[in-house]
Amino acid sequence: MSITATHDTSSKGRHALPALALLLLMTLSGCAARDMGDGTSPSLMERHATGKSLAPDAPGTPQRQGTPAAEAEAHLQRGLAYLAQDRPELAFEHFSRAASLAPEMVEPRLQRARLLVRRGMPNEAAADIEAVLAASPQHARAWELAGMVAFDRGLLDEAEADFTRAITLDPDLASCYAHLGAVHDYKGRPDLARDVYAAALVRFPQSGELHNNLGVAFSMLGDDASALHHFHEAVVLGASSERSWNNMGLALCRLGRFDEAFEAFRNAGGEAAAHNNLGYFFLVNGDASLAVQHLQRAVELEPRYYVRAAENLKRARLAARFAAGGVPVPAAGPQAGGIAGTPVNKAGVLPPATGKGPGTRTTGAGERVIQ
């Protein structure tokens with residue numbers, strides 16, 4: 001199946017996708033953990049297309065000597081060193097030089113494609129991925145990247161097939177389990193996502209990210225007790241604790257353990273955020289008087305919460321008036337920008353949002369939480 005097709009701009013695989021819940025996490029294998037958005041120039045695409053150098057040679061950059069293959073290998077190693085230093089733009093430059101000197105080499109193209117995918121540029125990555133697979137059809141990491149490109153384009157069946165193939169070729173490719181589970185979530189099959197994460201935890205029992213994701217799957221299946229166990233394990237193992245604490249708070253709310261939920265939300269984002277989260281939970285679940293109490297406290301504690309928390313507070317007061325007058329309380333609709341602690345999609349699981357596929361639903365922990 002080709003990975004060079006243009007983005008799917010139809011509603012299939014995008015707008016029809018189910019609204020999902022909670023924050024899923026993962027660690028990209030073989031890459032710097034930080035998202036490319038913080039370290040890569042916006043002109044990366046133009047420079048890649050024109051072949052312009054991103055930067056002058058850094059000290060120690062290999063000079064032109066020896067065979068092209070030897071020079072390419074030296075540039076590859078230099079790129080990997082820059083990647084380890086979390087300097088992706090310079091790494092990209094050296095991977096590009098290596099690929100130009102020795103087009104037959106797989107690793108420079110693979111590393112360049114990985115950086116482009118993480119930068120949210122799947123179309124630019126596709127040519128390198130296809131070249132790697134043409135030269136090495138059993139390359140598991142290349143199939144994983146192909147799946148990420150397919151996911152970004154909204155081609156969920158293709159993404160599922162690519163991730164499954166990558167895992168079959170390399171069962172130790174930990175990040176791919178998170179990707180495959182995310183696809184099942186978007187396809188409305190949390191049961192399959194649960195099975196993927198559970199199987200992965202047998203192989204990687206110390207992965208906090210997988211515990212968090214398994215907790216999300218259990219939450220989506222209505223098993224909040226099991227979800228709570230895995231969110232707790234995720235926090236103990238140090239998996240992006242802000243997200244896992246938020247998820248834990250939601251599970252505790254649904255279990256009616258509100259004091260513990262407040263503490264979990266506070267661990268995630270502070271006392272004002274905790275009151276806001278809890279207040280919104282009460283608001284959407286029909287307890288307007290408790291919602292008013294918590295949202296008022298959020299506004300009092302921290303002015304930066306004023307806009308969202310004050311809006312929540314107005315809605316809660318209106319709902320309380322309806323309830324006091326014996327009129328059915330109007331349902332609270334979704335907030336623009338999301339709600340603190342509300343279940344959200346796979347933050348960080350797949351490529352950054354580009355506006356061109358399901359990836360638009362992936363956000364950082366601060367984007368779809370009550371603020």
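Leaving aside its neighbours within four places in sequence, with which residues is His184 in contact? In this predicted model, the residues in question are Glu160, Arg189, Pro190, Leu192, Ala193 and Val196. His184 itself belongs to helix H8, which comprises residues 174–186, and has a relative accessible area of 6%, so that it counts as buried, the cut-off being under 20%. Val196, one of the residues in contact with His184, is twelve residues away from it in sequence, and the C-alpha atoms of the two are 9.1 Å apart in space.

A second histidine, His275, is found in helix H14, formed by residues 271–284. His275 is likewise buried, its relative accessible area being 11%. When neighbours within four places in sequence are set aside, the contacts of His275 are with Phe262, His294, Leu295, Arg297, Ala298 and Leu301, so that another histidine, His294, is included in this list.

Helix H11 was examined for its length and its surroundings. For the 13 residues of this helix (residues 224–236), a rise of 1.5 Å a residue leads to an expected span of 18 Å, and the end C-alpha atoms are indeed 18 Å apart, in agreement with that value. Asp224, Ala227, Leu228, His230, Phe231, Ala234 and Val235 are the buried residues of H11, and the elements that cover them include helix H9 (190–203), helix H10 (208–220) and helix H12 (241–254). After H11 comes Gly238, which has a positive phi, near 80°.

Definitions and conventions
Residues are numbered from 1 along each chain as its sequence is written. This is a predicted model: local features need pLDDT of at least 70, side-chain atom pairs count only at pLDDT 80 or more; totals for chains, interfaces and linings use all residues. Side-chain values use heavy atoms; hydrogens and water are left out. Helices (H or I, at least four residues) and strands (E, at least two) are DSSP runs, numbered from the N terminus. Buried means under 20% relative accessible area, exposed over 50%, partly exposed in between (1.4 Å probe, protein chains only). Contact means heavy atoms within 4.5 Å. The expected span of a helix is 1.5 Å times one less than its number of residues.
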